[in-house]
Amino acid sequence: MLSALFPVPSQLAQTDKQYLQYTFSAYTASAYLTEKQRTKVKTPNSDVPDYTSLPSELNDEQKADPQKQGATLTYGLYNNVPAGAQQPVSVRYEFTKPVTHATLLERDVEVSHWGGNLAAEERYWLVNQGAGLKNHFSRVEWQKQSYMNPPTFALKGLNLPLHPGAVDPYFTDDIGNVSTSKFRPGKKEALLELKPRYPVFGTWKYSFRVGWNADLSSYLRKLSAGETYALKVPFLEGPRAGEGISYGRVNLRVILPEGATNVKFSTDVPIVDNSTSLHRTFMDTLGRTTLSLTAINLVDEFRDRDLVVTYDYPWTAGYRKPVVITLGIFAVFAAAWVMGSIDTSIGKNKRA
Amino acid sequence: MRSISFLAGCVAAVSSFASAELNQSKPLLSKQLLPSTFSPPQVFKNNNLVKNINLDKGYSRETINVIIENIDAKPQSEYYLPFETSLISKIGGLEVRDKKAAEKGIFKIEVVGFDTERSVVESSWEAP
């Protein structure tokens, strides 16, 4: 459930603890009669200052409702709840971590057969859905506490675990290159550590782009039948964080080489829209075949899901561009020769 | 024992229902919904239901473990899961799988990409 947690209070001082409130139904919404049911709520820690208490008459065991055990609240047991019954309850709990939400993620994966390269670029529009700052941001306070590294509701950094073999990463935003990033290539994964230009407090936004290259051979396979290729890339390669990240909308583009036809894909990420179009860029003759996929409301648990794209790419299509460019240059030479041989001198040639 | 414990199925072919194009410049941020007059047939009974709500992350994650029983005479293939209309646009990934064959389901996903035990439910109706 995305965008369903609300900070209460909604404004905090810079070093305060953040509390979130979540409202749900103690009776699970069901289209059928439910004989026995319980609802268990697990909070990140046992600091739960407020929660709705229901009268114990509703409870089948006539006990206080809910039962609190450490970081778990249990509503129930309820007997014979009719279909469609609702019992709204709220819980307010400590969550001094950023509530990171990407309103939009644009992800491009570009395949180059000639270069043997898979280029990925991701553009994020992030917002912290946590509590806003009550007063002005104090740089002194921030710097003072940064050495102690206490929990904070500001987004300080993002870790992007990339596949091993990722090279040439970049991290830029609207201003330009952001130098506060580290890249640690490794055998198991290549970790890209990003730090935004400023700590992103609640209701603040930050948008940036990251990109990297990878060797195509670990993603692309030529099928034995004909000239068909199969590309397997992760659908989402976003940041990994303990507090999780949610995505409002993800636009994924897989840019295949020019002349690729018969594009098919399969993924188990729920997709709302897909289309195949042409992406035209420099020195293109036809435009590159592009598969666009759109998914809404994803969370970072979909990171491991793969996208498999198969397409036909005849070898002649790979030579189209050099042949066209060669012919173009010859055409220029030929035109220059033809124009150079035109006699443009004034006056008639004197013939003897 | 006639109790069928499949945590499965429940598909209400929704996207094909409302295929009318919406003329709006802002991209759609919610999925298609069933008409509000729709009411699922009362063919099931939930024997035992435990809902776990995990608030460890910046979004809430709800897991419903339910044993359902078919109280109809005929075999059923659709189980409906209702959501409030205001909530349905906030639902992230929804997945249903058979708990007794969870490994099988996950295994299948890796190989084929799809499997029959799992399906995305996009059903919604107003609570009476």
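## The strand pair across the chains

Strand 4 of chain A, residues 33-42, pairs with strand 1 of chain B. The two run in the parallel sense, over nine bridges. This is a predicted model. Two bridge positions show the register. Arg38(A) stands opposite Val50(B). Lys40(A) has Asn52(B) as its bridge partner.

Strand 4 of chain A also pairs with strand 7 of chain A, residues 72-81. That pairing is antiparallel and has eight bridges. Within it, Thr39(A) is matched with Tyr75(A). On the chain B side, strand 1 is joined to strand 2 by 10 bridges, again antiparallel. Phe44(B) faces Asn70(B) in that pairing.

## The sheet shared by both chains

Which strands make up the open sheet of five, and in what order? The order is 6(A)-7(A)-4(A)-1(B)-2(B), and the pairing is mixed. The edges are strand 6 of chain A, residues 67-69, and strand 2 of chain B. Each of these edge strands pairs on one side only. Neighbouring strands of this sheet are turned by 15 degrees against each other on average, direction ignored.

Strands of a sheet pair through backbone hydrogen bonds, either parallel or antiparallel.

## The contact between chains A and B

The contact takes 47 residues from chain A and 37 residues from chain B. On the chain B side, strand 1 (44-54) and strand 2 (61-70) each supply at least two residues. Strand 1 of chain B gives the most, with 11 residues. By type, the chain B side divides into 19 nonpolar, 11 polar and seven charged residues.

## Chain B on its own

Chain B has two helices and two strands. From the N terminus, its elements run β-β-α-α. Of its 128 residues, 22% are buried. Contacts in chain B between residues at least 6 apart in sequence were also sorted by separation. Of these contacts, 67% join residues at least 24 apart.

## Domains of chain A

The domain assignment splits chain A into domain 1 (19-94) and domain 2 (100-316). The C-alpha centres of domain 1 and domain 2 of chain A lie 38 Å apart.

## The seven-stranded sheet of chain A

A second sheet to consider lies in chain A. Seven strands form an open sheet in the order 13-16-10-9-19-22-21, with mixed pairing. Strand 13 (167-173) and strand 21 (273-279) of chain A stand at the edges. Each has a single partner strand, so one side of each is left without a neighbour in the sheet. Neighbouring strands of this sheet are turned by 15 degrees against each other on average, direction ignored.

At one edge, strand 21 of chain A is joined to strand 22, residues 288-299, by seven bridges. The two strands run antiparallel. Asp273(A) has Thr294(A) as its bridge partner there.

## Nonpolar cores

Which residues touch the most other members of the largest nonpolar core? They are Tyr93(A), Val250(A), Val254(A), Leu256(A) and Leu298(A), in a core of 72 residues. Strand 19 of chain A, residues 245-258, gives the most to this core, with seven residues. The core draws at least three residues from each of domain 1 and domain 2 of chain A.

A second, separate core has 10 residues. Among them are Tyr32(A), Val66(B), Tyr80(B) and Leu81(B).

Back in the largest core, Leu256(A) has a wide list of partners beyond four places in sequence. These are Val111(A), Val263(A), Arg288(A), Thr289(A), Thr290(A), Leu291(A) and Tyr311(A). In soluble globular proteins, nonpolar side chains tend to be buried together.

## A buried loop residue

Phe201(A) is found in the loop between strand 15 (190-194) and strand 16 (205-215) of chain A. Is Phe201(A) buried or exposed? Phe201(A) counts as buried because it has 20 C-beta neighbours inside 10 Å, and 20 is the cut-off for that class.

Beyond four places in sequence, Phe201(A) touches Asn128(A), Gly132(A), Leu133(A), Phe153(A) and Ala154(A). Gly347(A) is 146 residues from Phe201(A) along the chain. The C-alpha atoms of Phe201(A) and Gly347(A) are separated by 80 Å.

Notes: Residues numbered from 1 in each chain as written. Chains lettered and ligands numbered in written order. Predicted model: local features only at pLDDT ≥ 70, side-chain atom pairs only at ≥ 80, totals over all residues. Domains from an automatic or database assignment. Contact = placed C-beta atoms within 7 Å. Helix = DSSP H or I, 4+ residues; strand = E, 2+ residues; numbered from the N terminus. Nonpolar A, V, L, I, M, F, W, Y, C, P; charged D, E, K, R; others polar. Pairing = 2+ DSSP bridges. Axes fitted to C-alpha atoms, helices over the stretch in contact; angles between N-to-C directions. Core = buried A, V, L, I, M, F, W, Y, C linked by C-beta atoms within 7 Å. Buried ≥ 20, exposed ≤ 12 C-beta atoms within 10 Å, placed from the backbone.
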